[in-house]
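Work through the exercises below with the structure open beside you. Try each task before you read its solution.

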Amino acid sequence: MIDSPLPSEESEAPLGRVVATERKPNTPHEFHFWTALDSPVGIGTIVRVEGAQPVNGQIPTIYGIVVEGFSYTDLQTPIHDMLGHDGTPGGGSLGATQRAEIRLYTAAVLRQLPEEPLQPVPMGRVFLADNNDVAVALRMDGYLREGANTGIPIGVYRAGGTDAPIYLDADFLIGPEAAHLNITGVSGLATKTSAIEWILSSIFTHFPSQKGSVAAVCFNVKGPDLCFLDQPGPVDEADAALYEKCGVPVKPFENVQYFAPYKSDGFSLNTLRSNDALLHNVSSLTWGLREVLQYAEVLLNKDDVDAKADALIDFIRERVVDRDFGDPMLGNKRYLVRSFADLEQWFRDVLSAMEGKNGESWRTHHVATIRKVRNRLSNISTRCAGLVTDDGAVSDLPFGSFQDRTVYVIDVASLEEDAQDLIFARVVTRLREHLEKRDLGVNHVVVFVDELNKYAPNDGPETYVRKMLLDLAERGRYLGLVLFSAQQFRSQVHRRVVGNSGTALYGRMDADELATPGYAVLSPAVKTKLATLEKGQLMVRHPHFTQPIFVRFPRPAILRGRDGAERYPQAVDIDLEAAVVRSLRTLDPTITLGWVQEAVGIREEDEIIRARNATVRERPVDVRKFFLSQLRPVVAAQTVTRPATAAVRSAPADDPYGF
Amino acid sequence: MSAVPIILSSAPHASFSSIARVLAGLLPESQPVDGGAPLELSAANTQPPRLISATVIEGGTLRARRVFEPPAVGFAAFLDGTQQSLVACYLPGGIPIVYGTVGAVIRDRRNQRLFTWRHAVEHRLYAPRANVSPSIWRSLSETGIVVHDTSETDTPDVATEHPHALRELAVHRVQKDREIAERSLALEWCSREERPLLIDGGTSGADQVARAACAIGVIKSHRTLYASGEALTAVLGLGYAERSSVFLVTSPKRASVASWYLRIRDPRGHDPMWGLIRVEVAPPAAGIDADVGRRADVVSRWILAEIAPVSLPDGRWDKMVYGVRDCEEFLRAVM
């Protein structure tokens, strides 16, 4: 944190002078200055101008950031230089004197003090901004002062010997003001994921206690990117210095919980974090009929769900699922539909009854609609196998008991698109519902979604996920639900999603992307810098900053996905018994394969999985006993003695009617 | 020292506007002039072209000599001066009150870049005291700017009532002040430094400078040629990197200097004066001709090393070294 702004020492040497000509005048938002050839000024450097004439009795101080640079000599045309060298480029050494040369810079105004009257930038001396100047220039002094204290370090501004931590305002990053963060940049540099990991570390360290608790829900959408957030990774000295500068401890996340659906076999976790050594905080994510039916429209496209189908789905959801259901057409049979298997049986009976009566409709629903909905719903458990269970078993995020400073990672990287959409829609909806009721367990949740180009494109059909993201971006901040999103091409993401992101980060950008209209406000020099940013550099836009700022951030102290995948290779596919052992060992390390094989015997696969799921869900003290209790008892074999029966008396041959 | 370099600014200097306003207040009867062109642009060069035979001190006759060694960097600094004369107002009778600015600078070369070693800029008013009343002269003095009397002239036959003649007198006086400013800087350099200084113009104006080994004058104008007959043919026929024999330039009013012509650019396809300069250095002690030649070769190599970068777009770029152009640009910025 900084002290109140102090006037800089007069003894420091100016590095430039403001200049203005009729052709290049200064304005209230832009000014020009020249420097010595060896000055440390570059694109993105923050400078301070001290005016010479007082305004309203106060010497004006102007802060600016360099957005463009020019260099030229007194040469009028290139041919003069060619003449001077007799057309021989190698003759340059003949010149005893180098031509008079200028470094001329254009700076965008960050702040003027006093702020009124707002005047064109006056002529004056230009100084390199020190830490204090940077804080004032970026208006960080407003939220770094004692009493406010809502600064979240995003990185370090570095120029000409100045190493100044840059803080974002937690009110504008997490809400209730502005909120949301979007990061864009080319793929393959690990910048976007690393930046998000670093920012989450910073938030967890610096999120002010008076604002309550915060957790993060991250969707791992590709590879092992987020699979090792709790594993330490190497950090070099330079990065360690950045950590120290920002006051963030060099360590991985302490509290991380992983969730992943099963593969289609129903017992192997569908995640790259399936190594035995890391399973202690990996839970399965499985949902049953009730959970899925609420989000049927996520999985069913508009062709599937017309008004009639929608009405039937509503009927099933409201009147059938989890209800004691009966109907005269179905006779005296009662139904308690709790799983896809139950629902399939219910559909079968309804359709049989209709066929039996040769009826075309039942309860206003046409038989064709019923068949169609049956087809689509039944198909869900197949399309989302591993996530959606036939038997209704549910293993979910701990909604209601979220922990402060905990990251919940949902690995959807290996799932089909439908399953990814379903998970995203349901998790975000549940988060919103709980935050509305204030019973989630934490006050704020950061939801990180990568590949926004895919989930919220600015063109293409309207999808449920895109609607969710828009809703999240536009209304989430009031609830404490904050969207951190990332994508490669910001221009191809829905405008309202990125537009509602109060904070925007830019890593290295593709030149084609920079040529799109969204970047027209950036100068050519800033675009060039963006196109050549190194790893670990970002351009930051934040509501308090009137101009984008370049910062460096450290490599996260986390095992990178690729390294983690090598160190902790994915478990090979195994049989059911071994999968059960692996699951139960996270609860009781003494469990052996032999014990499991003996326990399950010749039982059906479904039964074993159900018992395993129940055990993992309940996390009992005595794992063995509980697991066994979930298996149907096997009746002991016993010898059955046949009762002696009297022989049938045969009829006398001569008197067949005599008895 | 050099031949009337002038500042061609698009607008008169800001201080000119203020002095014009002051004069309008002090001299209500005067007629202000708004934005006139510098007088140097219209001042004719009254000196007629002439040929003067000089005493050759290197060999018997003046002939072309090849500078065999390649160019070598030798100069440490460059000196030049500029002037600007503007009519601030006319008194009744067409008497011009001229606002003159003179400047001179030495630009020191360090690591191939030029930095200001010392510079001087002076502003003065120039008026013919003999043609104005004592009260007007007093009023001019009240402006706070030094007033120079242009009536004091070495040419008594000038029609001193003609406004143009009075303006020319003022220009000549401004020129004199510029030469004084240049000389002052040259003297300071010669008293403090031993590193070679290239002076734009001759060095014979001041004895101390003319005798200093570190002062080398380069003259670009050739209204006076120190050769005639075959010697002139030899001078005008010099090729690139050729110099003439060294001769002695003497004058009753100026110090003697050793001098030679040097061609610094290939004259083929150009006029005979193309790339032709005359160099002035301290005269040798009597009877050491061999040293004079060697010195001329060394200094010529130094000058040839200065032909790049070229001084374009200056019209005199064929003869002007870049360091001198840099001096003029500097003075243009500060005057």
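**Exercise 1.** Find the element that holds A:Lys357 and decide whether A:Lys357 is buried or exposed.

Solution. The model is a predicted one. Step one is the location: A:Lys357 belongs to helix α10 of chain A, which covers residues 340-357. Step two is the count of neighbours: 10 other C-beta atoms lie within 10 Å of A:Lys357. Step three is the cut-off: a residue with 12 or fewer such atoms is exposed. A:Lys357 is therefore exposed.

Now take A:Phe253, which is 104 residues away from A:Lys357 along the chain. The C-alpha atoms of A:Lys357 and A:Phe253 are 63 Å apart.

**Exercise 2.** Decide whether chain A is more spread out than a compact globule.

Solution. Begin with the contents: chain A has 22 helices and 22 strands. For its 659 residues the globule rule gives 26 Å, but the radius of gyration of chain A is 34 Å, well over that value, so chain A is more spread out than a compact globule. Next, look at the spans of the C-alpha trace along its principal axes, which are about 150 × 60 × 60 Å. As for burial, 43% of the 659 residues of chain A count as buried. Finally, take the contacts in chain A between residues at least 6 apart in sequence: 75% of them join residues at least 24 apart.

**Exercise 3.** Describe how α19(A) and α20(A) pack, and list the residues that make the contact.

Solution. Two packed helices are described by the angle between their axes and the distance between the axes. Here the helices are α19 (residues 576-585) and α20 (residues 593-600) of chain A, with an angle of about 120° and axes 9 Å apart. Angles between 115 and 145 degrees fall in the oblique class, and α19(A) and α20(A) are therefore oblique to each other. The crossing of α19(A) with α20(A) is right-handed.

- From α19(A), the contact takes in A:Glu577, A:Ala578, A:Val580 and A:Val581.
- From α20(A), it takes in A:Leu593, A:Val596, A:Gln597 and A:Val600.

Sorted by type, the residues of this contact are six nonpolar, one polar and one charged.

The last step concerns burial. The buried residues of α19(A) are A:Ala579, A:Val580, A:Val581, A:Arg582, A:Ser583 and A:Leu584. These buried residues pack against α20, α21 (605-618) and α22 (623-630) of chain A.

**Exercise 4.** Repeat the analysis for α21(A) and α22(A): at what angle do their axes cross, and which residues make the contact?

Solution. The axes of α21(A) and α22(A) cross at roughly 140° and come within 8 Å. That angle makes α21(A) oblique to α22(A). The crossing of α21(A) and α22(A) is right-handed. On the α21(A) side the contact is made by A:Arg610, A:Ala611, A:Ala614, A:Thr615 and A:Glu618, and on the α22(A) side by A:Val623, A:Phe626, A:Phe627 and A:Gln630. By type, five of the contact residues of α21(A) with α22(A) are nonpolar, two are polar and two are charged.

**Exercise 5.** Examine two residues with positive phi: where do A:Glu451 and B:Ala241 lie?

Solution. A:Glu451 is not a glycine, yet its phi is positive, at about 55°. A:Glu451 sits in the loop between β18 (444-449) and α13 (452-455) of chain A. With 17 other C-beta atoms within 10 Å, A:Glu451 is partly exposed.

For B:Ala241, also a residue other than glycine, phi is positive and near 65°. B:Ala241 lies in the loop between α6 (230-236) and β12 (242-244) of chain B. It has 20 other C-beta atoms within 10 Å. A count of 20 or more makes a residue buried, so B:Ala241 is buried.

**Exercise 6.** Locate the cis peptide bonds that lead into B:Pro309 and B:Pro313.

Solution. The bond from B:Ala308 to B:Pro309 is cis, with omega near -5°. The bond from B:Leu312 to B:Pro313 is cis, with omega near 10°. B:Pro309 is in the loop between α7 (289-304) and α8 of chain B, and B:Pro313 is in the loop between α7 and α8 of chain B.

Note on methods
Residues numbered from 1 in each chain as written. Chains lettered and ligands numbered in written order. Predicted model: local features only at pLDDT ≥ 70, side-chain atom pairs only at ≥ 80, totals over all residues. Helix = DSSP H or I, 4+ residues; strand = E, 2+ residues; numbered from the N terminus. Rg over C-alpha atoms; globule rule 2.2 N^0.38 Å. Contact = placed C-beta atoms within 7 Å. Axes fitted to C-alpha atoms, helices over the stretch in contact; angles between N-to-C directions. Parallel < 35°, antiparallel > 145°, perpendicular 65-115°, else oblique. Left-handed = near helix turned anticlockwise from the far one by under 90°. Nonpolar A, V, L, I, M, F, W, Y, C, P; charged D, E, K, R; others polar.
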